[in-house]
Amino acid sequence: MSEPAAKRFPLPTGLRLLEWGLGAWTALVFLFLYVPIAVLVGYSFNTSKLNVVWQGFTFRWYRELLGNEPILRTLGNSLVIAAVATVLAVVIGTTGAWLLHRFRYRCARAIQTLICVPMIMPEIVMGVSLLILFRVASLELGFASVILAHTTFCFPFVLVAVQARLQGLDPALEEAALDLGATPLRAFWLVIVPCLRPAVISGALMAFTLSMDELIISFFTVSPASRTLPLQVFGMAKVGLNPMLNALSAIFVVTTVAFVLFTEHLKRLAAR
Amino acid sequence: MQALPAADAENPHARRATPMGWWLLAPMLIWLALFVVAPLLILVVYSFCSRDDLGRVVFDFTWTNYARVFDETYLKILARSVGYAALTTVICVAAGFPAGWYIARRPPAVRDRLLLLVMIPFWTSFLIRTYAWIAILKSEGLLNATLLAARVVPQPLELLYTPVAVVIGLVYAYLPFMILPVYGSAEKLDNALVEAAHDLGAGPLRAFSEVIIPLTWPGIAAGVLLVFVPAIGMFAITDLMGGAKVAMIGNVIQNQVFKARNLPFAAALGVVFTLLFVASYLALQWRGRRARA
């Protein structure tokens, strides 16, 4: 901020000050975002049950977590539900994206809008409306109902991810395959699918995470037998603090970091 | 959020859909019809039904459920939900806009790192993140312990299970959903335009309101939609952070379904909520068109 420079270019100085202020603000925002998570992870190793005072380092809560039957059972449920929902979402989403790219459909715009509805619709409305649908269809709530619900909000995310990748794909690729005598199905399987792999994988990861984290829609569509992990955590957290939950949260946070880094890596691969 | 409506996937090589093309697309269309369109239609039908003493749904045409939504008790809860969600949205814009803007203006290497730092909380389960605040806010929690140790307060503050806690929880859960879309549109914005505004003599305020806001409006609008609407119906955060004290529309819907077993009334609340969502969407679109004009 030397005086002559400020005289000649008064604005850049102002802008620099503004930049500095924005940077400080952003740092505060990151602090706000990360301090609670850090506290949680830190306390998951604290011997104290009361959480506030640091008494010593322990793995006790992690050990207890591994011996907690409801948590393990609901974790198993969540993994099964997320896995099946992800497979369904990948199949529906990838073929849907490809077909919408490959063919010009009448009312393609309406279809595209409809696909976006489950992504932006309030979760609670989706939950209640699916619950009523299952009642009307007299479908007993259980694993099937949760999986149907989860697939419905997961597949649009896969579809959109694949669509973004398709936009950058050379259309000549498929034509070349067809000219060389491949059937459309073989061309799709041998040429298009390998090109789409990074987008499909990141879409699948997204679907899996969304399904693992989903609370509201599951709340309305599970049965006691198909209870998911987030519902179990919600029930435990309502009662108050529980050091086992700290440990579980720490595991969640670490998994999320790994997931984000991996998707980032995929994106870089795809960009190459 | 990268997953918002993609720009039209115009493929110049696309062919008119053959019957085969329609057959192949049919499973997805049927899925959407069965699990998106049909439930919403049934929801509307149910909202006009009533229920008998055993909780069974009786199919008659009545406006009673809607009359009850606009009854004083529920209107108050609805207004409170919208108020809390609006406050959350305002705080998220105030905190998230400068951050999203700042991140977008960094050199690519720094920018990607900072973006990664937003993605981690974005993808971390909101349940876990809400739970983290319980440890901080409860009366023998970290914040109170710190304040007591620093002798700022003589006795622990009642923080958890208050409206303030609910808003903190909501802001914490939804802030990344504001930063990412703002970043998305700020990143596309040409810096030269902002500098041109300055060169042409616009003060920072004018440059902000007449150049920056209109050009980043799509991002702000997407962020508002991603924060405001879910925040209205979010019963989990109000349950965890507000105890049973702060009832919001989501809690009412949940109670009507599982405790009062009044599905028609829950359906009416759901329909009103959906209309609220559509209205805010249209309002944002309209504001966007005006800003561009």
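Where chain A and chain B meet in this predicted model, the contact draws 75 residues from chain A and 73 residues from chain B. On the side of chain B that touches chain A, the element that gives the most is helix 1 (residues 19–47) of chain B, which supplies 15 residues. If the residues of that side of chain B are sorted by character, 56 are nonpolar, 11 are polar and 6 are charged.

The two chains are also linked through their strands, for strand 1 (residues 103–104) of chain A pairs with strand 1 (residues 15–16) of chain B in the parallel sense, over 2 bridges. Within this pairing, Arg104(A) has Arg16(B), in strand 1 of chain B, as its bridge partner.

From here the reader can turn to the interior. The largest nonpolar core has 156 residues, and those with the most contacts inside it are Val128(A), Val158(A) and Ala207(A) together with Leu170(B) and Tyr174(B). Helix 7 (residues 163–188) of chain B provides the largest share of this core, namely 17 residues, while domain 1 (3–60) and domain 2 (69–271) of chain A each contribute at least three residues to it. Leaving aside neighbours within four places in sequence, Ala207(A) is in contact with Ala85(A), Thr86(A), Ala89(A), Val90(A), Cys154(A), Phe157(A) and Val158(A).

A last stop is helix 11 (residues 229–239) of chain A, whose buried residues are Leu229(A), Pro230(A), Leu231(A), Gln232(A), Val233(A), Phe234(A) and Ala237(A). Just after helix 11 of chain A comes Gly240(A), which takes a positive phi of about 140 degrees.

Terms used:
Residues are numbered from 1 along each chain as its sequence is written. Chains are lettered from A and ligands numbered from 1 in the order in which they are written. This is a predicted model: local features need pLDDT of at least 70, side-chain atom pairs count only at pLDDT 80 or more; totals for chains, interfaces and linings use all residues. A residue is buried if 20 or more other C-beta atoms lie within 10 Å of its own, exposed if 12 or fewer, and partly exposed in between; C-beta atoms are placed from the backbone. Helices (H or I, at least four residues) and strands (E, at least two) are DSSP runs, numbered from the N terminus. A nonpolar core is a set of buried Ala, Val, Leu, Ile, Met, Phe, Trp, Tyr and Cys residues joined through C-beta atoms within 7 Å. Domain bounds come from an automatic or database domain assignment. Two residues are in contact if their C-beta atoms, placed from the backbone, lie within 7 Å. Ala, Val, Leu, Ile, Met, Phe, Trp, Tyr, Cys and Pro count as nonpolar, Asp, Glu, Lys and Arg as charged, and the others, Gly among them, as polar. Two strands pair if DSSP finds at least two bridges between them.
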